[in-house]
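This report looks at selected helices, a small group of strands and the cysteines of one protein model. Please keep the sequence and the structure at hand while reading.

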Amino acid sequence: MIETDIIIIGAGPVGLFTVFEAGLLKLRCHLIDSLPQPGGQCSEIYPKKPIYDIPGFPSVLAGDLVNNLVEQAAPFKPGFTLGEAATTIEKQADESFIVSTVKGTKHKAPIVMIAGGLGVFEPRKPPIQSIGAFEEKGVDYMIKDPEVFRGKKCVIAGGGDSALDWSIYLAENNIASEVTLVHRSASFRGHLDSVQKVIDMAESGKISLITEAEVTDLKGGTTLEEVVISHSKNGEIITKADHFIPLFGLKPSLGPIADWGLEIEKNAIKVNTLDYSTNIPGIYAIGDVNTYENKLKLILCGFHEGTLAVQSAFARIHPDKKNILKYTTVNGVNGF
């Protein structure tokens, strides 16, 4: 049995930063993650993706952000159970919890923080009949290593931040020989700055931008050769392509967590924004896994949620010390 102060389910950026915040209050953490390494989606799906909304970093690669967070948490010596998904939770008579994994590893703590991101996920695939024939032969649902697209003709579909950011990155760094961004609407869902940058790059010829259109067919032999784009006004457009990258987000599923008795809304865990606690006292949900009014799924917001959750957890573990939650400096390390 692994015993600690806080069990964190999910070793992504939010979970890792929560270790740091807990460490400042002398609380020990143990992280559980189904992936074999820390970092969550940032490590597994897009380690080379630039992130633009982390304070103090005009741009940071997702993988580098994870490395920095691991280094920041290291002085507080967190434990890790990696490559094992959390499957069950049992509340004990002393109000603590035992969390077991798919391999039977048991963990005990008075506090559980669920930082599982989007949970179990798979990419949203566009309804193109021929798409299955070109999977791993030119169709890519995510970008792990942008060097794969060096010198290639790439067609990206989507209107969110991922589609915008990758279009900018592949074109701006002269990785892809051609970048075409296709979106079914004339407006985008991403950050306004990214939208404007794509428009500016389209006007300068760095990106081919096709709006009010969607990819409807793929053609080729053993690999992808052409993408068929149906435009609302101009009809059918056929463009040469080595890669088609539909970035329509992920279909999330909470997996076993959905059966833990937590209040669920739209496949996310409802929380109290006072401290991001759930309907079960002692269990918190932070990051993309939770939901509340005006929720923004940003890493920055997850950091904020984890910070407040840790403060609440400290008061729950040490009710006699809840009035001394302030930081001082001890030998160069923050503590209380």
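## Terms and model

A residue is called buried here when its relative accessible area is under 20%, and exposed when that area is over 50%. The structure is a predicted model, and the burial described below is therefore a property computed from predicted coordinates.

## Helix H1

Helix H1 covers residues 13-24, and its 12 residues reach 17 Å from the first C-alpha to the last, close to the 16 Å expected at 1.5 Å a residue. Since 12 of the 12 residues of H1 are buried, the helix is largely enclosed by the rest of the structure. The buried residues of H1 include the hydrophobic-named positions Val-14, Leu-16, Phe-17, Val-19, Phe-20 and Leu-24, but Thr-18 and Glu-21 are also buried, as are Pro-13, Gly-15, Ala-22 and Gly-23.

Just after H1, Lys-26 takes a positive phi of about 60 degrees.

## Helix H5

Helix H5 spans residues 192-203 and also has 12 residues, which at 1.5 Å a residue should span 16 Å; its end C-alpha atoms lie 17 Å apart, in agreement with that expectation. The buried residues of H5 are Ser-194, Val-195, Val-198 and Met-201. Seen down the axis of H5, these buried residues fall within an arc of 130 degrees, so they line one face of the helix. An α-helix has 3.6 residues a turn, so residues three or four places apart point the same way.

What do the buried residues of H5 pack against? Their partners are helix H4 (161-172), strand E13 (178-183) and strand E14 (208-211). On the other side of H5, Leu-192, Asp-193 and Glu-203 are exposed. Just after H5, Gly-205 takes a positive phi of about 90 degrees.

## The sheet E15-E16-E17

An open sheet is formed by 3 strands in the order E15-E16-E17, with antiparallel pairing. Its edge strands are E15 (213-220) and E17 (235-240), each of which pairs on one side only. From one strand to the next, the twist averages 25 degrees. Strands of a sheet pair through backbone hydrogen bonds, either parallel or antiparallel.

Strand E15 is joined to strand E16 (residues 224-231) by 7 bridges, and a hairpin of 3 residues connects the two strands along the chain. Within this pairing, Val-215 stands opposite Ile-229 in E16, while the bridge partner of Glu-214 in E16 is Ser-230. On to E17, E16 is joined by 6 bridges, again with the strands running antiparallel, and a hairpin through 3 residues makes the connection. Ser-230, already named as the partner of Glu-214, stands opposite Glu-236 in E17.

## Cysteines

How many disulfides does the model contain? Taking a disulfide as a pair of cysteine sulfur atoms within 2.5 Å, the count comes to 0. Cys-29 is buried, with a relative accessible area of 5%, and Cys-301, at 18% relative accessibility, counts as buried as well because its value is under the 20% cut-off.

How values were computed
Residues numbered from 1 in each chain as written. Predicted model: local features only at pLDDT ≥ 70, side-chain atom pairs only at ≥ 80, totals over all residues. Heavy atoms only, no water. Helix = DSSP H or I, 4+ residues; strand = E, 2+ residues; numbered from the N terminus. Expected span 1.5 Å × (residues − 1). Buried < 20%, exposed > 50% of the residue type's maximum accessible area, 1.4 Å probe, protein only. Arc of directions from axis to C-beta. Contact = heavy atoms within 4.5 Å. Pairing = 2+ DSSP bridges. Axes fitted to C-alpha atoms, helices over the stretch in contact; angles between N-to-C directions.
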